[in-house]
Amino acid sequence: MYAMIIVRYRRPLPEVEAVTEAHRAYLRDLQAKGVRVASGPLEPRFGGMWLVRVQDENPLADLDALMAGDPFHQHGLANYELLPWKVMQGKEGLDRI
């Protein structure tokens, strides 16, 4: 199963930028583990979005753990919307990534 994580900043951008490199390192680690498919900031820059792989049986447990590991969450800089996504069309393409 896949999921979207929508991140919305709750602090001013300079506070977010002070932790951005740690956040990006976390995302690179998730990609190396095969969890993160894609991510990036929203435009205008008020947050970001991630596409991730999660288990079928309990996707919210995976999503909670992903959120908890993010430095933005650990520093109280963002709110998260965790959306399990049952891809019906185009899944084959995602699975190849």
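Student: Let's start with Glu17: what does its relative accessible area make it, buried, exposed or partly exposed?

Tutor: Keep in mind that this is a predicted model. Buried means under 20% and exposed means over 50%, with partly exposed in between. At 44% relative accessible area, Glu17 therefore counts as partly exposed.

Student: Which side chain does Glu17 meet in a salt bridge?

Tutor: For a salt bridge, look for a Lys or Arg nitrogen within 4 Å of an Asp or Glu carboxyl oxygen. Here Glu17 pairs with Arg45, at 3.4 Å from N to O. Glu17 is in helix α1 and Arg45 in the loop between β2 and β3, so the pair ties together parts 28 residues apart in sequence. Arg45 is partly exposed too, with a relative accessible area of 29%.

Student: How many salt bridges are there, and which others could I look at?

Tutor: The count comes to 6. Among them is Glu15 with Arg11, whose closest N and O atoms are 3.0 Å apart. Another joins Asp95 and Lys91 at 2.8 Å, N to O. Those two residues both sit in helix α5, 4 residues apart, or about one turn of the helix.

Student: What about a charged residue without a partner: where is Asp70, and what is the nearest side chain of opposite charge?

Tutor: Find the loop between α3 and α4, and Asp70 is there. Asp70 is buried but has no salt bridge; Arg24, the nearest side chain of opposite charge, is 10 Å away. What Asp70 does touch, leaving aside residues up to four places away in sequence, is His23, Tyr26, Trp50 and Tyr80.

Student: On to helices. Which residues of α2 are buried, and how are they arranged around the axis?

Tutor: Check the length before the faces. With 13 residues at 1.5 Å a residue, α2 (residues 20–32) should span 18 Å, and its end C-alpha atoms are indeed 18 Å apart. Its buried residues are Thr20, His23, Tyr26, Leu27 and Leu30. Looking down the axis, they fall within an arc of 120°, so they line one face of the helix. They pack against α1, β2, β3, α3 and α4. Just after α2, Gly34 takes a positive phi of about 80°.

Student: And which residues are buried in α3?

Tutor: Pro59, Leu63, Leu66 and Met67 are. Their arc is 95°, so they line one face of α3 as well. The packing partners for them are β1, α2, β3, α4 and β4.

Student: Why would I go looking for a nonpolar core?

Tutor: In soluble globular proteins, nonpolar side chains tend to be buried together. In this model the largest such core has 21 residues, with Ile5, Trp50, Val52, Leu63, Leu66, Phe72 and Tyr80 making the most contacts inside it. At least two residues each come from β1, α2, β3, α3 and β4. The largest share, 4 residues, belongs to β1. There is also a second, separate core of 6 residues, including Tyr2, Met4, Leu51 and Val87.

Student: Where does Val87 sit, and what does it touch?

Tutor: Look in the loop between β4 and α5. Its relative accessibility is 9%, so Val87 counts as buried. Beyond residues up to four places away in sequence, Val87 touches Tyr2 and Leu94.

Terms used: Residues numbered from 1 in each chain as written. Predicted model: local features only at pLDDT ≥ 70, side-chain atom pairs only at ≥ 80, totals over all residues. Heavy atoms only, no water. Expected span 1.5 Å × (residues − 1). Buried < 20%, exposed > 50% of the residue type's maximum accessible area, 1.4 Å probe, protein only. Arc of directions from axis to C-beta. Contact = heavy atoms within 4.5 Å. Core = buried A, V, L, I, M, F, W, Y, C linked by side-chain atoms within 4.5 Å. Lys, Arg positive; Asp, Glu negative; His and termini not counted.
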